[in-house]
Amino acid sequence: MDMKSLGDKILNGDRRTLARAITLVESARADHRAQAAQLLDHLRGAGRQAVRIGLSGTPGVGKSTFIEAFGMMLIEQGLRVAVLAVDPSSTRSGGSILGDKTRMERLSREKSAFIRPSPSQTHLGGVARRSREAVALCEAAGFDVVLIETVGVGQSETVVAEMSDLFVLLLAPAGGDELQGVKRGIMEIADLILVNKADGDLKPTAMRTCSDYSGALRLLRKRPQDPKGFPKALMVSAYTGDGLDEAWAEMQALVDWRRETGHWDRRRAEQALYWFRQEVRQALLARLDTPQARAAMAALSDRVASGALSPAGAATEMLEKHLGG
Ligand code: GDP
């Protein structure tokens, strides 16, 4: 396969080629990895930048419904929208529930939309790399907005935030006066909290939830990458469409401000460095994941446990033997 012509087709926005290229970056085969690297190199610096929006929320908050409604609204404004999913749990649950086309029926029929479910992978590292490369491919293919969906189960939010320009947390209205057990770490990476289902009987609860979160956000440490008033909480209804245009207006305001102040470029540069370090770390760990290395590790572990070797001495021995060359 000629990577240059594949790349040129992607730059022309060909969706079938894009889908093929994503399959290529998702492959773990060494020859595919080499081709993928070539392709990404060819596409790098093509000059197009999408707005990458990370979107997280626990199952049932309305992610699919929101993406469908929000995506349709963007398309009606003439924008092209890609939806990718990062789901580290997909192998465990026996199938992906994110980025599922049957749950975004209208959007999946649109020519200006591209939806890709999460690859099934056992570890987050593999999913992260592939998703990041898929984002780069969608960007090269000229999508204006890339939505990266993840489920609120902890670590995956950090991974998604590291490949997004904005991070949106979707919540459902909740009774009681406690915040819905949203971890502080997730609150700290959110740029926008959207309280979904602000319609019908749920509206009063949504209003209260929204004001609780507005209060909680005000208590967080001020971040340099935020203009006045951010991060903020808003109400939306994926059913009625209420609040979706306002949410998009807020996202655009944030994007514009960050572009003007240099925070946008800085964040992308920091993300590139983050991923560089991750790649180095993973490559090193992979070298320690051979049968010989695992056997040596087990043997050294026994000696450390029995007190025959110090932890540091054993580590030095391990690394000298198995990371060399
Ligand atoms: P996901 O698991 O986060 O992708 O959530 P879904 O999009 O599948 O939605 C979960 C449930 O919430 C479904 O029964 C939806 O019909 C419902 N739902 C989603 N958005 C809204 C909304 O804006 N208002 C109301 N009332 N229900 C909604």
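## Strands, helices and a pair across the chain

Helices (H or I, at least four residues) and strands (E, at least two) are DSSP runs, counted from the N terminus. With that in hand, welcome to this predicted model. A good place to start is strand 5, which covers residues 166–171 and has Leu171 in it. Is Leu171 buried or exposed? Its relative accessibility is 5%, so Leu171 counts as buried.

Leu171 can also be paired with a residue from another stretch of the sequence. Val236 is 65 residues away from Leu171 along the chain, and the C-alpha atoms of the two are separated by 9.9 Å.

## Around the ligand

Now for the ligand. Its surroundings are made up of 15 residues, and Lys63, Ser64, Thr65, Asp199 and Tyr239 are the ones that come nearest. If you sort the residues of this shell by character, you get four nonpolar, seven polar and four charged.

Several contacts involve oxygen atoms of the ligand. An N or O atom in the side chain of Thr65 lies 2.5 Å from a ligand oxygen. For the side chain of Ser64, the distance from an N or O atom to an oxygen of the ligand is 2.7 Å. Gly60 takes part through its backbone, where a polar atom is 2.8 Å from a ligand oxygen. How much of the ligand's area does the protein bury? The ligand exposes 580 Å² when taken alone, and the protein buries 76% of that.

## Salt bridges

Side chains of opposite charge can pair when their charged atoms come close. Counting a side-chain nitrogen of Lys or Arg within 4 Å of a carboxyl oxygen of Asp or Glu, the model has 20 salt bridges. One of them joins Glu139 to Arg52, with 2.8 Å between the closest N and O atoms. Glu139 belongs to helix 6 (residues 124–140) and Arg52 to strand 1 (residues 51–57), so this pair ties together parts that are 87 residues apart in sequence. Glu139 has 7% relative accessibility and therefore counts as buried; Arg52, at 13%, counts as buried too. These two residues also belong to a network of salt bridges that links Arg52, Glu139, Asp165 and Arg268.

Another salt bridge brings together the side chains of Asp226 and Arg258, at 3.0 Å from N to O. Why does this pair tie together parts that are 32 residues apart in sequence? Asp226 sits in the loop between helix 9 (203–219) and strand 7 (232–235), while Arg258 is in helix 10 (residues 244–261), so the bridge connects those two parts. Both partners, Asp226 and Arg258, are buried.

Asp289 and Arg294 also form a salt bridge, with an N to O distance of 2.7 Å between their side chains. Here the partners have some accessible area: Asp289 has a relative accessibility of 47% and so counts as partly exposed, and Arg294 is partly exposed at 45%.

## Backbone details to check

Most residues other than glycine have a negative phi, and most peptide bonds are trans. If you like to look over backbone geometry before setting up a calculation, here are two places to visit. The peptide bond joining Phe230 and Pro231 is cis, with omega at about -10°. Pro231 is found in the loop between helix 9 and strand 7.

The other place is Lys197, which is not a glycine and yet has a positive phi of about 70°. Where is Lys197? Lys197 lies in the loop that runs between strand 6 (192–195) and helix 9. Its relative accessible area is 27%, so Lys197 is partly exposed.

## A nonpolar patch on the surface

We finish at the surface. Leu273, Phe276, Val280 and Leu284 make a nonpolar patch there, with an area of about 370 Å². Among these residues, Val280 is placed in helix 11, which covers residues 263–287. Is Val280 buried or partly exposed? With a relative accessible area of 39%, Val280 is partly exposed.

Notes
Residues are numbered from 1 along each chain as its sequence is written. This is a predicted model: local features need pLDDT of at least 70, side-chain atom pairs count only at pLDDT 80 or more; totals for chains, interfaces and linings use all residues. Side-chain values use heavy atoms; hydrogens and water are left out. Patches are made of residues with over 30% relative accessible area and no salt bridge: like charges are joined within 9 Å, nonpolar side chains (Val, Leu, Ile, Met, Phe, Trp, Tyr) within 5 Å. Accessible areas come from the Shrake-Rupley method with a 1.4 Å probe; for residues, only the protein chains shown count as cover. Buried means under 20% relative accessible area, exposed over 50%, partly exposed in between (1.4 Å probe, protein chains only). A residue is near a molecule or strand if one of its heavy atoms lies within 4 Å of it. A polar contact is a pair of N or O atoms within 3.5 Å; within protein, one must be able to donate a hydrogen and the other to accept it, and residues adjacent in sequence count only if both atoms are side-chain atoms. Ala, Val, Leu, Ile, Met, Phe, Trp, Tyr, Cys and Pro count as nonpolar, Asp, Glu, Lys and Arg as charged, and the others, Gly among them, as polar.
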